[in-house]
Amino acid sequence: MPASVQWSERGFVAVIELTNLTKVYAATRKGGAPTVAVEDVSLSISRGEFCAVVGPSGCGKTTVLNLVAGFEKSTQGQVLIDGTPVTRPGPERAVVFQQPSLLPWMTVHENVGFGLTLRDKSNHGHDEAIGQMIDIMGLEGFEHHYPYQLSGGMQQRAAIGRALITEPTMLLMDEPFGALDAQTRSEMQRFLLELWRSWHPTVLFITHDVDEAILLSDRIVVMTPRPGTIAAEIPVTLKRPRQWDVVLSQEFLHYKKRILSVLRREIG
Ligand code: ADP
């Protein structure tokens, strides 16, 4: 990580706070009913915590992330970041989507440096920071490649590098590995575990993959649909650093059974 990113001295205090959050989308067609995407969701995420949100399609996971990111406004309730209500996106919250959304006409170097260029057009000292980030992302040798010349995993690493280069303290990830094949997905999970270990950002990680959530996170929030609510919050105390083979342990299976039983009970 860039040397200036430091583990906060303020310790393990709530950094993202959702209080009684409700989001209702207006009907998308005339005469249709509004959609209550999330209802009365309250959640507190600590500084440096890795929090995953799991649940089936349509249970409001992306809506929660969009509210935290400041892309959407709540109907009721609010999101607080360090005690301040979110009204718009902010540089301390980097968002990584399922599709890497790199700019196709820019090289890896230009894509990774995009946020720096937006912030400071002089480009002064950017090359060194971009070079470091490209190394951290394991993309050395591909600086001058365009997105179409990269594999899916490499594209997603470039997108994560672009998100991190402006040194956010929070990483909001919406199914970031959902479009990758199983092997690449597993490599990216390992990569993210290492990244989190060395940098400790606060992570809100959306996934519908229960195994992925258990492998990565400190806590799993299980959401259920119609309307989207929190059905359970399950702390994951598997010891870190975690290796891939933790998925074979009895403890892992115990978490998995617990989460699946909540989902089965709530969804029927
Ligand atoms: P998830 O991420 O768990 O799949 P979403 O947050 O995307 O769930 O969606 C929750 C519900 O809100 C779904 O019923 C979805 O159709 C609806 N929804 C999401 N975005 C919009 C929107 N912009 N307009 C209307 N309905 C929406």
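A search of the whole structure, a predicted model, finds four aromatic pairs. Two of them share F50 and are described here.

A pair of aromatic rings is described by the distance of the centres and the angle of the planes. The values for the F50 pairs are these.

| Pair | Centre distance | Plane angle | Geometry |
|---|---|---|---|
| F50 and W196 | 6.3 Å | 70° | edge-to-face |
| F50 and F205 | 5.6 Å | 40° | tilted |

**F50 and W196.** Planes over 60 degrees apart count as edge-to-face. The planes of F50 and W196 stand at 70°, so this pair is edge-to-face. The contact links distant parts of the chain. F50 belongs to strand β3 (residues 50-54). W196 belongs to helix α6 (residues 182-199). The two residues are 146 residues apart.

**Burial.** Buried means under 20% relative accessible area. F50 has a relative accessible area of 0%, so F50 is buried. W196 counts as buried because its relative accessibility is 7%.

**F50 and F205.** The rings of F50 and F205 have planes at 40°, so the pair is tilted. F50 lies in strand β3, while F205 lies in strand β8 (residues 202-206). The pair therefore ties together parts that are 155 residues apart in sequence. F205 is buried, as is F50.

**Cluster and charge.** F50, W196 and F205 join F177 in one aromatic cluster. W196 also has a charged partner: the charged end of R240 sits over its ring. That charged end is 4.2 Å from the centre of the W196 ring.

Conventions
Residues numbered from 1 in each chain as written. Predicted model: local features only at pLDDT ≥ 70, side-chain atom pairs only at ≥ 80, totals over all residues. Heavy atoms only, no water. Phe/Tyr/Trp six-rings, centres within 6.5 Å; stacked < 30°, edge-to-face > 60°. Helix = DSSP H or I, 4+ residues; strand = E, 2+ residues; numbered from the N terminus. Buried < 20%, exposed > 50% of the residue type's maximum accessible area, 1.4 Å probe, protein only. Lys NZ or Arg CZ within 6 Å of the ring centre and 35° of its normal.
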